[in-house]
Amino acid sequence: MRRARSGNLTALLVVVSALEFIINRLAGRLFFPRPALSSSGSGSTAIHAISWVGSWLFQLTALLAFAVLVAAFTGLFRRGELYPRSMRFAAMVVAVVFTFLVGWAVFTGGIPLRAFAGAQGCSGFLALLTAIAFMATGAPLRLKAGIVTLALPGTLHGFGYVASRLVGAGSGVLGTIFGTLAPGGPPLLEAGAIAVLLAGLLAPLLLPPRPVHERRWHVPLAIATALTGLFVFALVWRFDVIQASALYGLRLELPPLTTVAGLAHVLAFFGWTFATIELIADRGGIRLAGYGMVLLALGGYEQASPVELCLSVLGLVAVAVGELRALPYADRDVPRIGDAEWRGFVGRLAAGVGDGTGPDGTRPEAVVVAEGELEVSRIQTHRRGQPVTIKLKRKRGTPVELDASYGNAGHAAADASIERHRRWLERNPDQKLRLPRTKTGDTSFDQKFSVHGTAPLADTEMRRRLERQQGDGVLTIWRGSAARYQLSHPSSDVPAVFIGQVDGSAPVQSIVDIVDMLADLVDASMPAAS
C-alpha cells in the first residue's frame with residue numbers, strides 16, 4: 001500500500017508540474033508576460049488570470065515537489081532500496097543537504113546564489129550516486145546503461161555549474177585551486193547538453209525493461225511519430241516561437257532544423273517521447289519510470305530555480321526505482337504469457353471444463369480482473385452435475401496460483417488433506433488441518449505425501465494418479481460433497497500453463513484432469529449405501 005500511495009503522489013506531481021510548465025513558464029512568461037498587466041485592453045483580465053494561476057501553480061508545484069522529495073528519500077533509506085549499505089550514508093548526507101536547500105527556497109521564496117550553486121552541486125552528486133547505486137544492482141547491462149545515460153547530464157551540469165562559479169572565489173591557496181577548476185565549467189556544461197541528446201536518442205533502446213518480444217511498442221511508436229511530425233512542422237512554420245518556448249520552458253536553445261544539431265534534437269525528442277509513452281502505458285514500476293521521464297523533461301537541463309532542480313532529481317530517482325522494481329520483467333527465464341494469449345486460454349479452459357450438465361440455461365462464466373501487476377481469472381461452470389470454480393492468478397504475465405474446487409462444501413469442516421511432505425512442513429500451522437496423520441500402507445506413496453484425516457486412497461490406481469497430478473498443490477476433501485486443489489508455490493510437476501504453454505489442447509486438458517481427479521475423489525468418498 002505504501003508504494004501505491006507514493007506512485008499516486010508522483011503522478012499528481014507530474015500533472016501539476018505539467019500544468020505549471022504550460023501556464024506559468026510558457027503562457028505566463030512568454031506569451032502573456034506580466035509587464036502587459038499595466039496596459040489597458042480587452043485581454044487584460046485574461047492575462048491577469050493567467051498570471052495569477054501560473055503563480056499559484058508554481059507555488060503548488062514547489063510544495064508538492066518538496067513533499068515528494070522528503071517522502072521519496074525517507075522511504076528509500078528506510079527500506080534500503082536502491083542505495084546499497086556501503087554508500088547509503090553518503091547518499092543520505094547529500095540528500096539531506098539538498099532537501100534543506102530546496103526547502104529554504106520553497107518556504108522563504110528565494111535562495112542566495114551561493115546556496116543555489118550548492119544545490120546544483122548536490123544534484124550532481126545525487127545523480128552520480130544514483131547511477132553508481134543502480135550499477136551495483138543485478139539489473140541487465142542494458143538497463144544499467146540507460147540509467148547512466150540519464151544520470152550523466154545532471155552530473156555534468158551540476159559539477160559544471162559549480163566549477164563555472166569558482167572564478168574569483170576564495171583567496172590564497174584556495175583561490176588558486178578554484179581558479180584552476182573554473183575553466184572546466186563551460187566544457188562540462190557543453191558535454192552535459194550533448195549527453196541530454198544522447199539520453200533521448202538511446203532511451204527507447206535502453207530503458208524499457210521488458211524483452212523485445214514482450215514490449216507493447218506499436219501505439220507508443222505511432223503517438224511519438226505523430227508528435228514528432230507536429231514538432232517538425234512547428235519548427236518549420238514558426239521556428240522563433242518554438243525556440244523561445246524551449247528556452248523559456250526547458251532552458252534549451254534549439255538550433256535550426258537544417259543543421260546537424262537541429263536534426264539531433266528532433267531525433268532526441270522522438271526517442272524521449274517514444275520511451276516515455278511506452279513506459280507510462282505499462283504498469284507498476286515501469287509506469288513509475290515513465291513518470292520519472294516526464295519529470296526529468298519538465299525540470300529541463302539548465303535549471304533556473306531549485307524547484308526545477310528538484311523535479312530533475314526526483315525524475316532520475318523515479319526512473320531508477322521504477323526500473324529496479326520492474327526487474328522481474330527483464331528476467332528471460334520466467335515464463336510469461338501475453339494478454340491476448342492468456343484470455344484465449346481462459347476462454348478455452350472454461351469451455352473445456354464445462355460439460356453442459358448444469359441447470360438449464362447455465363453457461364460457463366469466465367471473468368478476468370486486473371489489479372496493478374496482479375491479474376485474477378475466475379471460471380464458474382458445471383461438470384458431472386456439480387459446480388466447478390477455477391481461479392488462476394497471474395503476476396507480471398506469469399501464472400503464480402491455481403485454485404480449483406469441485407462440488408459445494410458449504411461451511412462444513414474439511415475431512416482430509418493430501419500434500420507433499422515438504423509442502424506440509426513449509427505451511428503456516430494456522431493453514432493446516434488439525435487432523436491426525438494417516439498412512440495408506442503404500443510405502444512409496446507414504447514417503448512422498450502427508451495424508452491427514454480420512455481420505456479415499458484405498459485404490460492403488462487412485463494413489464498412482466495422485467502421484468502424477470498432485471505436484472506441489474494441496475488437496476482438501478469434504479467427504480461425499482466437495483474437493484479443492486490449491487497450487488500457490490509452483491515449482492516442478494505443474495500444469496503446462498505454469499511453464500508458459502497455453503497453445504493447443506494439452507494445457508487445458510492438464511487442468512481438466514485435475515478437476516476430474518477432484519470429482520473422482522468426491523465420488524470415492526461417498527458413504528456406502530446401507
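Me: Which residues of helix 17 meet which residues of helix 18?

Reply: In this predicted model, Met462, Arg465, Leu466 and Gln469 are the helix 17 side of the contact, and they meet Asp513, Ile514, Asp516, Met517, Asp520 and Leu521 of helix 18. By class, the residues of this contact are five nonpolar, one polar and four charged.

Me: Why are helix 17 and helix 18 called roughly antiparallel?

Reply: Look at the angle: helix 17 (residues 460-469) and helix 18 (residues 506-524) pack at about 150°, with their axes 11 Å apart. Angles over 145 degrees count as roughly antiparallel, and therefore that is the name for helix 17 and helix 18. Their crossing is left-handed.

Me: While we are in helix 17, what makes Glu467 count as buried or exposed?

Reply: Its accessibility decides that. Buried means under 20% relative accessible area; Glu467 has 17%, so Glu467 is buried. This residue lies in helix 17. Leaving aside residues up to four places away in sequence, Glu467 touches Arg420, Ser444, Phe445, Lys448 and Phe449.

Me: Now to another pair. How do helix 8 and helix 10 pack, in angle and in distance?

Reply: Helix 8 covers residues 218-237 and helix 10 covers residues 260-280; the angle between them is about 150°, and their axes are 9 Å apart. The crossing of helix 8 and helix 10 is right-handed. On the helix 8 side, the contact is made by Pro220, Leu221, Ile223, Ala224, Thr225, Leu227, Thr228, Phe231, Val232 and Leu235. Helix 10 brings Val266, Phe269, Phe270, Thr273, Phe274, Ile277 and Glu278. In classes, that contact holds 13 nonpolar, three polar and one charged.

Me: Which residues of helix 10 meet helix 11?

Reply: Trp272, Thr276, Leu279 and Ile280 do so. Their partners in helix 11 are Ile286, Arg287, Ala289, Gly290, Tyr291, Met293, Val294, Leu296 and Ala297. This contact has 10 nonpolar, two polar and one charged residues. Helix 10 and helix 11 (residues 284-299) pack at about 145°, with axes 7 Å apart, and their crossing is left-handed.

Me: How do you know whether Leu76 is buried or exposed?

Reply: Set its value against the cut-off. Leu76 has 3% relative accessibility, and buried means under 20%, so Leu76 counts as buried. Leu76 is placed in helix 2 (residues 44-79). Not counting residues up to four places away in sequence, Leu76 touches Glu81, Leu82, Tyr83, Val317 and Val321. Val317 is 241 residues from Leu76 along the chain, yet their C-alpha atoms are separated by 9.8 Å.

Me: Leu82 came up just now. What is notable about the phi of Leu82?

Reply: Phi of Leu82 is near 75°, a positive value in a residue other than glycine. Most residues other than glycine have a negative phi. Leu82 lies in the loop between helix 2 and helix 3 (85-108). With 5% relative accessibility, Leu82 counts as buried.

Me: Why is Arg384 called partly exposed?

Reply: Partly exposed sits between the two limits, with buried under 20% and exposed over 50%. Arg384 has 37% relative accessibility, so it counts as partly exposed. Arg384 also has a positive phi, about 55°, although it is not a glycine. Its place is the loop between strand 2 (374-383) and strand 3 (386-395).

Me: What about cysteines: how many disulfides does the count come to?

Reply: The count comes to zero disulfides. The rule asks for a pair of cysteine sulfur atoms within 2.5 Å.

Me: Are Cys122 and Cys310 buried or exposed, and what makes them so?

Reply: The cut-off for buried is under 20%. Cys122 has 12% relative accessibility and so counts as buried. Cys310, at 1% relative accessibility, counts as buried too.

Me: And for the whole chain, how many helices and strands are there?

Reply: The secondary structure comes to 18 helices and nine strands. Of the 530 residues in the chain, 48% are buried. Among contacts between residues at least 6 apart in sequence, 66% join residues at least 24 apart.

Definitions and conventions
Residues numbered from 1 in each chain as written. Predicted model: local features only at pLDDT ≥ 70, side-chain atom pairs only at ≥ 80, totals over all residues. Heavy atoms only, no water. Axes fitted to C-alpha atoms, helices over the stretch in contact; angles between N-to-C directions. Helix = DSSP H or I, 4+ residues; strand = E, 2+ residues; numbered from the N terminus. Parallel < 35°, antiparallel > 145°, perpendicular 65-115°, else oblique. Left-handed = near helix turned anticlockwise from the far one by under 90°. Contact = heavy atoms within 4.5 Å. Nonpolar A, V, L, I, M, F, W, Y, C, P; charged D, E, K, R; others polar. Buried < 20%, exposed > 50% of the residue type's maximum accessible area, 1.4 Å probe, protein only.
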